[in-house]
Amino acid sequence: MDRKDPLKKFRGRFIIPKHKGKNVIYFTGNSLGLQPKTAAKYIQQELTDWAKFGVEGHFKAKNLWYSYHELVAGPLAELSGAKKEEVVAMNQLTSNLHFLFVSFYRPEGKRIKILCEAHAFPSDQYLLESQLKFHGFDPAEALIEVSPRRGEYTIRTEDILSAIEKHKEELALVFIGGVNYYSGQVMDMKTITEAGHQAGALVGFDLAHAIGNICLDLHNWNVDFAAWCSYKYLNSGPGSVGGAFIHTKHHRSELQRFAGWWGHDKNSRFKMEKGFSPIPTAEGWQLSNAPVFSMAIHKAALAVFEEAGISRIIEKSNKLTGYLRFIIDGINNKSNVLEILTPETAGSQLSISVHRQGKEVFRKLISKGIMADWREPNVIRVAPVPLYNSFEDVFRFGEVLLKSFT
Ligand SMILES: *Cc1c(COP(=O)(O)O)cnc(C)c1O
């Protein structure tokens, strides 16, 4: 499979950490993607231009700093299924969500509630709790959390739809993680968006684990807004710049927003006058000028996606994750201690519940140079990433896993 892999050369584009002098098997690209070899060169370009031009780099650098974010909008639109004017790289994920909530969580009268998935990523839970309190509501009443059924690990779409239906008079916003960080479940974003709209609510998604991992079609799904970080599947470095999607239908709306000079009309920005006049695109939600150094890595990382093509990446992802499933099932035939929590429609991640000696098994993996991730109480998350993981990686992982049970 590795020999026939049309994406095999891309593994060589990344720096793989070492363990005892050998490449680790890196299965934590869902937490922090690996460094593209071109990242240093892209940053160096900006350091050089800063040295050469000082402040004039905004208008003289090879990649104008003034409009640096525009350089990544094309590839981000491709990955999110958006129009170019619907996406913008800015800030970071949780901060973007708070800013987007200013526009898209507009409780009114009885319509105050937010619907989300139970056990959302902690930052999202804090976001929701604090937003509700900020508007004077009690999260215990105004937050509707949809859980998996007893004995199940994933949330049924039908249960989300019936919760939307049940609360339709009071629902202001449906806000869900597009891919659940814990179980790896991919949400049916199209269906959820339709149902949310039918109930009279707005619909947004946290795409931290989705972008660069699964097929997204945000514009056609009619999603109102979304945000993501760039350091997971997008390989853009720790804490790197985040991104946001705002559907065209809202670009010229009267929605409230918190404004900053980078969201202001480009033609009059430097007149420095009173009166905010937003750019009528997603860029109108920007506050500050672009963090050029983290954008430089982002640009380097997105160039790899452009070259590989997201549809080929997803095609390989399905095979690679499918192979991992096959390996786990094979081990289970012998030991029966593993349980895959992730449903069949998944991205690169499988979450595996280890019913016996989970922590020991995990330590064994680490000692053999396999980097996976541990979540209490007994879950190992494994993400074979199509851009830099191989079928051999998955096979070797299986060998170590099997030995640790026998
Ligand atoms: C990784 C992740 C975050 C991280 O938020 P930051 O603001 O980038 O630190 C938030 N939400 C979800 C769902 C995540 O997976």
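# Asking how we know

Guide: Welcome! In this predicted model, an oxygen atom of the ligand lies 3.1 Å from an N or O atom in the side chain of His209.

Visitor: What makes that pair a polar contact?

Guide: The cut-off for two N or O atoms is 3.5 Å. The His209 pair is 3.1 Å apart, so it falls within that limit. A polar side-chain atom of Thr94 is 2.6 Å from a ligand oxygen atom, and an N or O atom in the Asp206 side chain is 3.0 Å from a ligand nitrogen atom. The protein covers 82% of the 390 Å² of accessible area that the ligand has on its own.

Visitor: How do the residues of the shell around the ligand divide?

Guide: There are 5 nonpolar, 2 polar and 3 charged residues in that shell. Among the residues surrounding the ligand are Leu93, Phe121, Asp124 and Lys232.

Visitor: Let's move to Asp224. Why is Asp224 called buried?

Guide: Its relative accessible area is 1%. Buried means under 20%, so Asp224 earns the word. You will find Asp224 in the loop between α9 and β11.

Visitor: Which side chains make a polar contact with the side chain of Asp224?

Guide: One is that of Lys249, at 3.3 Å, and another is that of His250, at 2.7 Å. Both distances can be set against the limit of 3.5 Å.

Visitor: Why is Lys20 called exposed?

Guide: Lys20 has a relative accessible area of 74%, and exposed means over 50%, so the label fits. Lys20 sits in the loop between β2 and β3.

Visitor: And why does Gln357 count as partly exposed?

Guide: Its relative accessibility is 44%. Partly exposed covers what lies between 20% and 50%, so that is where Gln357 belongs.

Visitor: What is the phi of Gln357?

Guide: Phi of Gln357 is near 50°, a positive value in a residue other than glycine. Most residues other than glycine have a negative phi. Lys20 also has a phi near 50°.

Visitor: How do you know that the buried residues of α12 line one face of the helix?

Guide: Those buried residues are Gly358, Val361, Phe362 and Leu365. Seen down the axis of α12, they fall within an arc of 100°, so they line one face. The elements they pack against include β14 and α13.

Visitor: Why is the peptide bond from Glu376 to Pro377 called cis?

Guide: Its omega is near 0°, and the bond is cis. Most peptide bonds are trans. Pro377 lies in the loop between β16 and β17.

Terms used
Residues numbered from 1 in each chain as written. Predicted model: local features only at pLDDT ≥ 70, side-chain atom pairs only at ≥ 80, totals over all residues. Heavy atoms only, no water. Near = heavy atom within 4 Å. Polar contact = N/O pair within 3.5 Å; in protein donor to acceptor, adjacent residues only side chain to side chain. Areas by Shrake-Rupley, 256 points an atom, 1.4 Å probe, with all protein chains shown as cover. Nonpolar A, V, L, I, M, F, W, Y, C, P; charged D, E, K, R; others polar. Buried < 20%, exposed > 50% of the residue type's maximum accessible area, 1.4 Å probe, protein only. Helix = DSSP H or I, 4+ residues; strand = E, 2+ residues; numbered from the N terminus. Arc of directions from axis to C-beta. Contact = heavy atoms within 4.5 Å.
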